[in-house]
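Here is a short report to read alongside the model. Have the sequence and the 3D view at hand as you go.

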There are 2 protein chains.
Amino acid sequence: MPHNSAPAGAPAFLRVHRPSTVDLIATELRNAIYSGGLPVGSPLREVEISRQLGVSRSPLREAAQRLVQEGLLTAIPGQGLRVATVSEDRLPDLFEARIAVETHAARILIRHNDAGALAKVTAAFDHLTEAVKGTDARTIGDADLDFHFALVEAAGNTRLTRYMSTLVVETRLASFSSKQGYVVRRDVTPSHQAIMAALKSGNAEAAAAAIAEHLTEATARMTGELAERGIEVETVAGAPEPGAVYELGPIDHTPGPTD
Amino acid sequence: MPHNSAPAGAPAFLRVHRPSTVDLIATELRNAIYSGGLPVGSPLREVEISRQLGVSRSPLREAAQRLVQEGLLTAIPGQGLRVATVSEDRLPDLFEARIAVETHAARILIRHNDAGALAKVTAAFDHLTEAVKGTDARTIGDADLDFHFALVEAAGNTRLTRYMSTLVVETRLASFSSKQGYVVRRDVTPSHQAIMAALKSGNAEAAAAAIAEHLTEATARMTGELAERGIEVETVAGAPEPGAVYELGPIDHTPGPTD
DNA sequence: GCGTGTATGTTTGTCGACAATCCGACATAA
DNA sequence: TTATGTCGGATTGTCGACAAACATACACGC
């Protein structure tokens, strides 16, 4: 990729950023939750997981506290940590937060009028339309969440992006927690098309309205209100059955040679 | 206070919630940062602070990781943890996130049309109008942030409330990080009056606009753009000088008799 | 049979200690 | 004088171990 041309007067070097062991473990845990490797509600066996990651319990526990702060893990004193469950009655809370973040991200995106940023959203949208042609619910679900995340990321706000990265995992947790199993609509595109159209036309209010409607409808559908209204859904083996082996890749936290 | 009448069919007992040691330490650290007991940019001496809290380094480090996730602490490998600094160029990012959270909270609040919730916001507003009569900048600043937090809390969304509790501390950090020192406007009320009026009238868009304008103006002021435009400010000794003794109350994490 | 009480195994929560790393001061050389 | 190299002190990052608490299963009594 081409080097970014640094603006004149800017420092020649950016501050080096070396991820710590806790960083690596935290992302590993997030990925495990997102992928279902750590099933919803399952306890976090510290000795077992720390051995899988090739680290001690201390950095694992420190990393886990980050997910506790995010709400992805719940801690009960004396009982340890469990993967959070997003029950049906808490779905409105989750999606209302998504509406807050995503609608404002859309407003920012339109205000900035950055063609490059919008292009990335368009790319995610194209990827989604491609995914819905298939039948794999997981692929569709991933593309759906990727699109929504790309939208927020395009706004360029670090905090909203951080919020959204958590909300994405929480949404996935909600799908896993659902009694219906992991289901997705096959006609996800129409709502998204409305969002994209509003984004491209630069109509902030229309975009916000489309996003709010889309997410409100998603809430209603997941709470089962629209379960019998003939919306075509595709189920897939979502969360692995309890007792499955959690595969967590080993973490490399050795300093190692830099050359 | 009167007992809440539980709805019929609801479980008679709520799940008991016992705060863990890490919880206590985390809130203690947050308070220390908010109050300035831990100055901006100061390193977090683990042995020193853990002894002040009466705990070992392990639970302290775990609690600190929660603040890292919040962005209140920054971690540099091999260099430990430092209290985050919110430099001027990052102020727009912070306040844009506040706009996202607070405007949507206002929309929710108006949509719910809950008189009791609105009353709490009004109480916080009254407390603010009372505080601006005095000359203590810290008191005014506290009341200001309390009002904004009360607004979000009144919306009843757990996630937005959690976001806001962090944003409040980050805003305080920004004030501490400011080269101007800790300053507040003395005429904070007019903007807030506009917000309150819109909230009471039930005009969601007007409330959102008032909040956005208020926060945008606050951003401009803190970045120094309005420094010379004659806005009356009051300074106060904000952050304690470096080298001050961080007073952190000891934490009680002993199980203790339950009777 | 149902409920209570007890015992056991496992897991968590906390601690102290070790090694690696980093910062600062000092000395040295160009 | 400026820059480089070296040394020492201090702090972090990680580990293993201990004690307390919890969950499960089983036995006992009503």
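A residue counts as exposed if 12 or fewer other C-beta atoms lie within 10 Å of its own, as buried if there are 20 or more, and as partly exposed in between. Please keep in mind that this is a predicted model.

**Two asparagines with positive phi**

With that cut-off in hand, B:N113 counts as exposed, because it has 9 C-beta neighbours inside 10 Å. B:N113 sits in the loop that joins α4 (91–112) to α5 (115–131) in chain B. Its backbone is worth a look: phi of B:N113 is near 55 degrees, a positive value in a residue that is not glycine.

Chain A has its own N113 to inspect. A:N113 is placed in the loop between α4 and α5 (115–131) of chain A, and its phi is positive as well, at about 55 degrees, although A:N113 is not a glycine. A:N113 has 9 C-beta neighbours inside 10 Å, so it too counts as exposed.

| Residue | Phi |
|---|---|
| A:N113 | about 55 degrees |
| B:N113 | near 55 degrees |
| B:G78 | about 80 degrees |

**A hairpin in chain B**

The glycine in the table belongs to a turn. Strands β1 (residues 73–76) and β2 (residues 80–83) of chain B pair in the antiparallel sense, over four bridges. Together β1(B) and β2(B) make a hairpin with three residues between them, and B:G78 lies in the turn. To get your bearings in the pairing, start from B:L73, which stands opposite B:V83 in β2(B).

**Around B:D146**

Next, turn to helix α6 (residues 137–155) of chain B, where B:D146 is found. B:D146 has 18 other C-beta atoms within 10 Å, so it is partly exposed. Which residues does B:D146 contact, leaving aside its neighbours within four places in sequence? They are B:A124 and B:H127. B:L128 is another residue to locate here: B:D146 and B:L128 are 18 residues apart in sequence, and their C-alpha atoms are 8.3 Å apart in space.

**How the two chains are related**

Two copies of a chain are related by a rotation about an axis and a shift along it. Here, a turn of 180 degrees with a shift of 0.0 Å along the axis lays chain A on chain B with an RMSD of 0.0 Å. That is the relation of a two-fold axis. Both copies use the same surface, as 100% of the contact residues of chain A recur in chain B.

**The contact between the chains**

Chain A gives 27 residues to the contact, and chain B gives 27 residues. On the side of chain A that touches chain B, α3 (57–70), α4 (91–112) and α7 (158–177) each supply at least two residues. The largest share of that side, nine residues, comes from α4(A). By class, the side of chain A that touches chain B has twelve nonpolar, seven polar and eight charged residues.

**One helix pair across the contact**

Two packed helices are described by the angle between their axes and the distance between the axes. For α4(A) and helix α7 (residues 158–177) of chain B, the angle is about 55 degrees and the axes are 7 Å apart. The angle makes α4(A) oblique to α7(B). From α4(A), the residues that make the contact are A:D93, A:L94, A:A97 and A:A100, and they meet B:T158, B:R159 and B:L160 of α7(B). The contact of α4(A) with α7(B) holds four nonpolar, one polar and two charged residues.

Definitions and conventions. Residues are numbered from 1 along each chain as its sequence is written. Chains are lettered from A and ligands numbered from 1 in the order in which they are written. This is a predicted model: local features need pLDDT of at least 70, side-chain atom pairs count only at pLDDT 80 or more; totals for chains, interfaces and linings use all residues. Two residues are in contact if their C-beta atoms, placed from the backbone, lie within 7 Å. Ala, Val, Leu, Ile, Met, Phe, Trp, Tyr, Cys and Pro count as nonpolar, Asp, Glu, Lys and Arg as charged, and the others, Gly among them, as polar. Axes are lines fitted to C-alpha atoms, for helices over the stretch in contact, and angles run from 0 to 180 degrees between N-to-C directions. Angles under 35 degrees count as roughly parallel, over 145 as roughly antiparallel, 65 to 115 as roughly perpendicular and the rest as oblique. Two strands pair if DSSP finds at least two bridges between them. Copies are superposed by least squares on the C-alpha atoms of residues with pLDDT of at least 70 in both.
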